[in-house]
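Please consider the fold shown below. The discussion takes the form of questions and answers.

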Amino acid sequence: MDESGQANDDFIIISIHNNQDEMKMCLIDGDTYLKIQKGKYGTAADAYNAGGMDRIIKVINQNLDLNIREGLALEWDAVAGLVDAIGGIEVTDGDGTSQEMMGAEAVDFARTDHNLQTVFMAAFAKVKTMKSSELAPVMDELLEKAVRRGMSRDKVTATLTEMAVYERVVNNMWPFTTSPETLHETDYIMPQTLQSNVSRLHTELFGQENYDPTRVVQKTSREMESKAGEGNAT
């Protein structure tokens with residue numbers, strides 16, 4: 001949530017490839033237009049705000065042909081608290097300039113031009129330099145503020161620890177190709193098209209060349225194109 005209490009969510013899909021020693025991260029903008037339930041479309045943020053972790057996982061799975069079963073949600077104050085707890089992070093911006101950031105500054109940076117992945121990777125880099133005894137209280141504080149779905153405390157700890165060791169990280173932002181749409185006086189990020197973006201996602205995340213989305217995704221893609229043409233977001 002932002003200072004005015006409005007939803008301001010981004011979502012990151014993380015795919016860990018143990019056999020390739022790499023981690024792939026894909027950020028979904030909270031304003032992305034998706035089918036959020038039968039007969040209703042809206043943003044990814046709408047889906048989360050309406051039904052929490054269960055709803056957003058279901059929506060992402062159905063729209064993107066995925067099988068996500070676990071998730072972790074943090075509000076922005078928890079992200080700030082994490083950065084403060086590890087003593088700040090070092091971030092390199094687009095022009096190659098490095099700077100140290102504490103929690104509040106890191107959150108401001110994360111919310112600008114979708115730099116959330118950059119902040120997370122900087123935090124992971126800092127975690128690599130810390131002793132396990134130093135990380136334990138940080139993890140305890142983080143988990144107190146987190147909303148978990150299908151993840152025990154031990155699973156969260158093990159997953160974050162595993163993520164921290166990967167040197168090769170591939171970052172993407174989905175949808176890859178978009179068109180801005182204003183429907184019922186609301187701005188959306190429209191996949192152009194959903195079908196082609198889902199096909200490319202499976203290539204980028206899983207190496208599935210020429211992936212053919214399911215009939216459900218193909219139907220949703222056609223419906224979204226029709227709604228964009230009609231200016232109808234309901």
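Axes are lines fitted to C-alpha atoms, for helices over the stretch in contact, and angles run from 0 to 180 degrees between N-to-C directions. This is a predicted model, in which local features need pLDDT of at least 70 and side-chain atom pairs count only at pLDDT 80 or more, while totals for chains, interfaces and linings use all residues. Residues are numbered from 1 along each chain as its sequence is written, and side-chain values use heavy atoms, with hydrogens and water left out.

Reader: What is the mean pLDDT of the protein chain?

Author: The term pLDDT denotes the predictor's confidence in each residue, from 0 to 100. In the protein chain, 93% of the residues reach 70 or more, and the mean is 85.

Reader: Which strands stand at the edges of the open sheet?

Author: Strands are DSSP runs (E, at least two residues), as helices are (H or I, at least four), numbered from the N terminus; two strands pair if DSSP finds at least two bridges between them. The open sheet has the order β1-β2-β9, with mixed pairing. Each edge strand has a single partner, so one side of each is left without a neighbour in the sheet; these strands are β1 (10-17) and β9 (168-174).

Reader: In β9, which residue is the bridge partner of glutamate 22?

Author: Strand β2 (residues 22-29) runs parallel to β9, and seven bridges join the two. For glutamate 22, the partner in β9 is arginine 168.

Reader: At what angle to β2 does helix α4 run?

Author: Helix α4 comprises residues 116-127 and lies across β1, β2 and β9. Relative to β2, the angle of α4 is about 145 degrees.

Technical notes:
Contact means heavy atoms within 4.5 Å.
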